[in-house]
Amino acid sequence: MLLSIIPLQLAIAINQAPQPQAFLMLGGDPAREKFTAELAQWYPSLEIWVSSPPNTQKTDETFQAVGISKSRLHIDIRATDTVTNFTSVVGDFKQRQLQHLFLITSDFHMLRAKAIATFILGSQGIAFTAISVPSKQTNSESLLRIIRDIVRSLLWIATGHTGASL
């Protein structure tokens with residue numbers, strides 16, 4: 001029954017916040033950071049969350065290089081994988097009453113990220129606008145990985161645990 005409510009929650013979120021209110025960039029690729037930093041210049045009032053970048057100092061430097069204030073940048077290092085990229089920060093978004101995010105990741109990774117975001121963010125009434133960063137990787141992620149992470153997202157909705165340690 002909870003799953004049938006997610007589309008309604010997403011529709012309400014989009015209605016109440018038609019424009020994104022913050023950025024969520026999934027860490028793992030310096031090209032994503034550069035893209036997000038450049039895009040964030042066009043939205044000076046939006047805060048930026050970077051989830052588990054490979055090198056926090058370089059991430060900070062990338063955003064500082066284009067004049068992004070440290071007060072806008074939130075580097076979160078709690079996530080260990082794509083599912084926890086979402087579960088570790090969704091509480092922060094709820095606390096700030098954010099209902100709509102820009103979701104930024106690489107093009108090959110976007111399908112899985114959108115699937116997870118639909119369940120994790122959607123279950124919390126947070127919509128997203130996906131923006132893919134072009135990459136040199138030509139293969140998208142396997143259907144098996146996507147299904148596995150949807151199951152883990154459903155596990156988190158039901159229990160609060162992602163099954164990351166399994």
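Guide: Before we begin, an axis here is a line fitted to C-alpha atoms, for a helix over the stretch in contact, and angles run from 0 to 180 degrees between N-to-C directions. The model itself is predicted.

Visitor: What do the axes of helix α6 and helix α7 do in this model?

Guide: The axes of α6 (residues 110–120) and α7 (residues 143–159) come within 9 Å, and they cross at roughly 15 degrees.

Visitor: Why are α6 and α7 called roughly parallel?

Guide: Angles under 35 degrees count as roughly parallel, and with a crossing of roughly 15 degrees, α6 is therefore roughly parallel to α7. The crossing in which α6 passes α7 is right-handed.

Visitor: Which residues make the contact, and how do they divide by class?

Guide: From α6 the contact takes Leu111, Arg112, Ala115, Ile116, Phe119 and Ile120, while the residues from α7 include Arg145, Asp149, Ser153 and Trp156. By class, the contact of α6 with α7 has 10 nonpolar residues, one polar and four charged. Since Ser is not among the residue types that count as nonpolar or charged, it counts as polar.

Visitor: What makes α2 and α3 roughly parallel to each other?

Guide: The axes of α2 (residues 30–40) and α3 (residues 56–65) come within 9 Å and cross at roughly 30 degrees. The cut-off for roughly parallel is under 35 degrees, and α2 and α3 are therefore roughly parallel to each other. Here too the crossing is described as right-handed, with α2 passing α3. Glu33, Lys34, Thr36 and Ala37 of α2 meet Lys58, Thr59, Thr62 and Phe63 of α3, a contact with two nonpolar, three polar and three charged residues.

Visitor: How do you know which strands are at the edges of the sheet?

Guide: The open sheet has five strands, in the order β3-β2-β1-β4-β5, with parallel pairing. Of these, β3 (73–76) and β5 (127–133) are the edge strands, since each pairs on one side only, where pairing asks for at least two bridges between two strands. Neighbouring strands of the sheet are turned by 20 degrees against each other on average, direction ignored.

Visitor: What makes β2 and β3 a pair?

Guide: At least two bridges are needed for a pair, and β2 (residues 47–51) joins β3 over four bridges in the parallel sense, so the condition is met. As one example, Trp49 has His74 in β3 as its bridge partner.

Visitor: Where does α2 pack, and what angle does its direction make with that of β1?

Guide: Helix α2 packs on the sheet, touching β1 (22–26), β2, β4 (100–106) and β5, and its direction makes about 170 degrees with that of β1. Angles over 145 degrees count as roughly antiparallel, so the direction of α2 is roughly antiparallel to that of β1.

How values were computed. Residues numbered from 1 in each chain as written. Predicted model: local features only at pLDDT ≥ 70, side-chain atom pairs only at ≥ 80, totals over all residues. Heavy atoms only, no water. Helix = DSSP H or I, 4+ residues; strand = E, 2+ residues; numbered from the N terminus. Contact = heavy atoms within 4.5 Å. Parallel < 35°, antiparallel > 145°, perpendicular 65-115°, else oblique. Left-handed = near helix turned anticlockwise from the far one by under 90°.
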